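Work through the exercises below with the sequence and the coordinates at hand. Each task is followed by a solution in steps.

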Amino acid sequence: TLLAAFERVDLVHVDIQGSEADVIPAAADVLNAKVRRLVIGTHSRAIEQQLLGVRPGWGWVLEADQACRYVATPAGPALAFDGCQVWRNPRRLS
């Protein structure tokens, strides 16, 4: 619904704290039809892997990929830095 009023969107930045792998595939039709580039803040390596498996099947091109980083703590690994994936939709270049 956020993109409903727009015919074309140059950039969508998604940073939804762990729900990326659920929301992005659910929005596939709108993203494919309207969005040129998608920047996704990732919050786990599992999510990064899921997105890497989904997006290329839609024909999108991965332009940049920075894995999230963890640090060791007494309670176990903790996310220190979000990851980031940048995707280009070749169907929406013009």
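The exercises go from the whole chain to single strands and residues; the model is a predicted one.

**Exercise 1. Overall description**

State how many helices and strands the protein has, and in what order they come along the sequence.

Solution. Step 1: the protein has 3 helices and 6 strands. Step 2: along the sequence they follow the pattern β-α-α-β-α-β-β-β-β. Step 3: for the extent, the C-alpha trace spans about 50 × 25 × 20 Å along its principal axes.

**Exercise 2. Burial, surface and contacts**

Find what share of the residues is buried, what the surface is made of, and what share of the contacts joins residues at least 24 apart.

Solution. Step 1: 36% of the 94 residues count as buried. Step 2: the protein exposes about 5600 Å², and carbon and sulfur atoms supply 56% of that area. Step 3: take the contacts between residues at least 6 apart in sequence; 69% of them join residues at least 24 apart. Step 4: as for charge, the mean positions of the 10 positive and 10 negative charges are 8 Å apart.

**Exercise 3. The partners of β6**

Which strands are joined to β6, in which sense, and over how many bridges?

Solution. Step 1: β2 and β6 run antiparallel and are joined by 6 bridges. In this pair Gly41 stands opposite Cys84. Step 2: strand β3, residues 61-66, also runs antiparallel to β6, with 5 bridges between them. Here Val61 stands opposite Arg88. Step 3: with β2 joined to β6 and β3 joined to β6, turn to the cover of the strand. Of the 6 residues of β6, 5 are buried, and the strand is mostly covered.

**Exercise 4. The β4-β5 hairpin**

Describe how β4 and β5 pair, and find the residue in the turn that has a positive phi.

Solution. Step 1: β4 covers residues 69-71 and β5 residues 78-81; they pair in the antiparallel sense over 3 bridges. Step 2: Tyr70 stands opposite Leu79 in β5. Step 3: the two strands form a hairpin with 6 residues between them. Step 4: in the turn, Gly76 has a positive phi of about 120 degrees.

**Exercise 5. Trp87 and Glu63**

Decide for Trp87 and for Glu63 whether the residue is buried or partly exposed, and name a polar side-chain partner of each.

Solution. Step 1: Trp87 is found in strand β6, residues 83-88. Its relative accessibility is 1%, under the 20% limit, so Trp87 counts as buried. Step 2: the side chain of Trp87 makes a polar contact with that of Gln85, at 3.0 Å. Step 3: Glu63 lies in strand β3. At 37% relative accessibility, which falls between 20% and 50%, Glu63 counts as partly exposed. Step 4: its side chain makes a polar contact with the side chain of Arg37 at 2.7 Å. Glu63 also touches Val86 and Arg88. Step 5: Glu63 and Trp87 are 24 residues apart in sequence, and their C-alpha atoms are 5.6 Å apart. Trp87 and Arg36 are 51 residues apart in sequence and 8.4 Å apart in space, C-alpha to C-alpha.

**Exercise 6. Thr42 and Ile47**

Place Thr42 and Ile47 in their elements, and find what each touches beyond four places in sequence.

Solution. Step 1: Thr42 is in strand β2, residues 35-42, and Ile47 is in helix α3, residues 45-54. Step 2: Thr42 has 0% relative accessibility and therefore counts as buried. Ile47 is buried with a relative accessible area of 8%. Step 3: Thr42 touches several residues, among them Glu20, Ile47, Leu51, Cys68 and Cys84. Its side chain makes a polar contact with the side chain of Glu48 at 2.8 Å. Step 4: Ile47 touches Gly18, Glu20, Ala21 and Thr42.

**Exercise 7. Leu3**

Is Leu3 buried or exposed, and what does it contact?

Solution. Step 1: Leu3 is found in the segment before β1. Step 2: at 16% relative accessibility, Leu3 counts as buried. Step 3: beyond four places in sequence, its contacts are Val9, Val12, Val30, Leu31, Lys34 and Val35. Step 4: Lys34 is 31 residues from Leu3 in sequence, with 8.0 Å between the C-alpha atoms.

Note on methods:
Residues are numbered from 1 along each chain as its sequence is written. This is a predicted model: local features need pLDDT of at least 70, side-chain atom pairs count only at pLDDT 80 or more; totals for chains, interfaces and linings use all residues. Side-chain values use heavy atoms; hydrogens and water are left out. Buried means under 20% relative accessible area, exposed over 50%, partly exposed in between (1.4 Å probe, protein chains only). Contact means heavy atoms within 4.5 Å. Accessible areas come from the Shrake-Rupley method with a 1.4 Å probe; for residues, only the protein chains shown count as cover. Lys and Arg count as positive and Asp and Glu as negative; His and the chain ends are not counted. The place of a charge is taken as NZ of Lys, CZ of Arg, CG of Asp or CD of Glu. A polar contact is a pair of N or O atoms within 3.5 Å; within protein, one must be able to donate a hydrogen and the other to accept it, and residues adjacent in sequence count only if both atoms are side-chain atoms. Two strands pair if DSSP finds at least two bridges between them.
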